[in-house]
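Welcome, and please load the model in your viewer. We will go from the whole chain to a few selections, one stop at a time.

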Amino acid sequence: AETFMNADREVMQSGKAILNAEELIQCHDGRDIWVMSSKTPFYDAFGKVVGMVGISLDITSRKTAQEELAKYRDHLEQLVKQRTQELTEANDQLSDELTKRAMTEEELQDSVNKFTLLFENANDAIFWLDQRGGVILCNKMAETLMRKPRKYLIGRGIDLFQNAEGNANSPLGDIIATALDGQAAKGEGQL
């Protein structure tokens, strides 16, 4: 009540209105409520302040709703902040993984290039066979040894290494048979 009386005196003395002032007051029953008050001076015919007109509205439910909305907004902002942090961390991790992958791909390509260089320029004929003995890859020296182009050699089977009678050439045939059995095979042979 004292707050209201002070505001009333201020309006009467200054002649200036107070509009939409919000304040928390305590009722006679001990409850706290929020009110929005507007007060304006009342003048007589000579322009002298002789009174005041005021109105107060209970805005407790609006203030309570605003406080709840503020809590939800703060909670939502916290969730957004947390999710943004998680996404930033995931993005950083993905970026690191992509960098590592690019480096690995570069190293792999470098290894492939080295292998190709060694494979193609070897002084020995190299045949790469599948499990059934079919040629899936061969080098330049294999073309020279077999006196056939690579296109002819790739896709051919074990018959490529047999003599005119259809028998595997020895020791080359033995080397190929050993390799086809899944064992390491190394040696020299004549066609």
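Start with everything selected: of the 191 residues in this protein, 17% count as buried. Keep in mind that you are looking at a predicted model. Now switch to a surface view, where the protein exposes about 14,800 Å², with carbon and sulfur atoms supplying 54% of that area.

Next, go to a cartoon view and colour by secondary structure. You should find 5 helices and 5 strands. Followed from the N terminus, the elements run α-β-β-β-α-β-β-α-α-α. If you like contact maps, take those contacts with a separation of 6 or more: 25% of them join residues 24 or more positions apart.

Now select strand β3, residues 49-58, and pick out Leu-57 within it. Is Leu-57 buried or exposed? Neither label fits: its relative accessibility is 45%, so Leu-57 counts as partly exposed. Show its surroundings as sticks. Setting aside neighbours within four places in sequence, Leu-57 is in contact with Trp-34, Val-35 and Met-36. Then draw a C-alpha to C-alpha distance from Leu-57 to Glu-22: the viewer should give 9.4 Å for this pair, which sits 35 residues apart in sequence.

For the last stop, select helix α2, residues 60-121, and find Glu-89 there. With 46% relative accessibility, Glu-89 counts as partly exposed, because that value falls between the 20% and 50% cut-offs. Which residues form a negative surface patch with Glu-89? Add Asp-92, Asp-96 and Glu-97 to your selection, and the patch is complete.

How values were computed. Residues numbered from 1 in each chain as written. Predicted model: local features only at pLDDT ≥ 70, side-chain atom pairs only at ≥ 80, totals over all residues. Heavy atoms only, no water. Helix = DSSP H or I, 4+ residues; strand = E, 2+ residues; numbered from the N terminus. Buried < 20%, exposed > 50% of the residue type's maximum accessible area, 1.4 Å probe, protein only. Contact = heavy atoms within 4.5 Å. Areas by Shrake-Rupley, 256 points an atom, 1.4 Å probe, with all protein chains shown as cover. Patch = residues over 30% accessible without salt bridge, like charges linked within 9 Å, V, L, I, M, F, W, Y side chains within 5 Å. Salt bridge = Lys/Arg side-chain N within 4 Å of Asp/Glu carboxyl O. Lys, Arg positive; Asp, Glu negative; His and termini not counted. Charge placed at Lys NZ, Arg CZ, Asp CG, Glu CD.
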